[in-house]
Amino acid sequence: DDLDMQLFDDPRYFYNKAGKPMSVKHLEIGDCIEVSNECFSTAPTLGTSTYASVASGKLVAGTTTSAPFKILGQHNVDIGGQSVVTWVLMKVA
């Protein structure tokens, strides 16, 4: 979309500016993305939420095996003095 989002040579690696919508319609089965809690309508529960679907522009965590994303795990990213919780999702459908 703009120069800041095109800095990576490899198109598989990118980031999205805060507050800007992002399309994931070109993800292939097996591709993984990492998203913050803010992408979910309600934050997933580690060990309980195993799949995620999209509703009203937000991810919804649950256990429905037909959902397009599988939740692989939680990751904490240190940004400055803050720890940001992120989730690793894999496209499965």
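These legends describe close-up views of a predicted model.

**View 1. The whole chain is built from strands.** The chain has zero helices and five strands. Read from the N terminus, the order of elements is β-β-β-β-β. The chain has 93 residues, and 22% of them count as buried. About 6,600 Å² of the chain is exposed, and carbon and sulfur atoms supply 54% of that area. Take the contacts in the chain with a separation of 6 or more: residues 24 or more positions apart account for 36% of them.

**View 2. Strand 1 pairs with strand 5.** Strand 1 covers residues 32–36, and strand 5 covers residues 82–91. The two strands pair in the antiparallel sense, over five bridges. Look for valine 35: tryptophan 87 in strand 5 stands opposite. Beyond its neighbours within four places in sequence, valine 35 is in contact with Phe40, Leu59, Val85, Thr86, Trp87 and Leu89.

**View 3. Serine 36 sits in strand 1.** The side chain of serine 36 makes a polar contact with the side chain of glutamate 38, at 2.9 Å. Serine 36 also reaches residues further along the chain. Leaving out residues up to four places away in sequence, serine 36 touches Val84, Val85 and Thr86.

**View 4. Strand 4 and strand 5 form a hairpin.** Strand 4 spans residues 69–79. Strand 4 and strand 5 run antiparallel and are joined by 10 bridges. One pair to find is glycine 73 and valine 88, which are bridge partners, with valine 88 in strand 5. Two residues lie between the strands of this hairpin. Glycine 80, in the turn, has a positive phi of about 65°.

**View 5. Strand 2 and strand 3 also form a hairpin.** Strand 2 holds residues 51–55, and strand 3 holds residues 58–62. Five bridges join these antiparallel strands. Two residues separate strand 2 from strand 3. Serine 56 lies in the turn, with a positive phi of about 55°.

**View 6. Tyrosine 51 lies in strand 2.** Is tyrosine 51 buried or exposed? Its relative accessible area is 15%, so tyrosine 51 is buried, as the cut-off for buried is under 20%. Glycine 62 in strand 3 stands opposite tyrosine 51. Setting aside neighbours within four places in sequence, the contacts of tyrosine 51 include Val60, Gly62, Thr64, Phe69, Ile71 and Val92. Now find methionine 90. Tyrosine 51 and methionine 90 are 39 residues apart in sequence, and their C-alpha atoms are 9.2 Å apart in space.

**View 7. The largest nonpolar core has 10 residues.** Its members are Leu27, Ile33, Val35, Phe40, Ala52, Leu59, Phe69, Ile71, Trp87 and Leu89. Strand 1, strand 4 and strand 5 each supply at least two residues of this core. There is a general pattern to keep in mind: in soluble globular proteins, nonpolar side chains tend to be buried together.

**View 8. Two cysteines are partly exposed.** Cysteine 32 has a relative accessible area of 45%, so cysteine 32 counts as partly exposed. Cysteine 39 has a relative accessible area of 31%, so cysteine 39 is partly exposed too. Both values lie between the cut-offs of 20% and 50%. How many disulfides are there? The count is zero.

Notes
Residues are numbered from 1 along each chain as its sequence is written. This is a predicted model: local features need pLDDT of at least 70, side-chain atom pairs count only at pLDDT 80 or more; totals for chains, interfaces and linings use all residues. Side-chain values use heavy atoms; hydrogens and water are left out. Helices (H or I, at least four residues) and strands (E, at least two) are DSSP runs, numbered from the N terminus. A polar contact is a pair of N or O atoms within 3.5 Å; within protein, one must be able to donate a hydrogen and the other to accept it, and residues adjacent in sequence count only if both atoms are side-chain atoms. Contact means heavy atoms within 4.5 Å. Two strands pair if DSSP finds at least two bridges between them. A nonpolar core is a set of buried Ala, Val, Leu, Ile, Met, Phe, Trp, Tyr and Cys residues joined through side-chain atoms within 4.5 Å. Buried means under 20% relative accessible area, exposed over 50%, partly exposed in between (1.4 Å probe, protein chains only). Accessible areas come from the Shrake-Rupley method with a 1.4 Å probe; for residues, only the protein chains shown count as cover. A disulfide is a pair of cysteine sulfur atoms within 2.5 Å.
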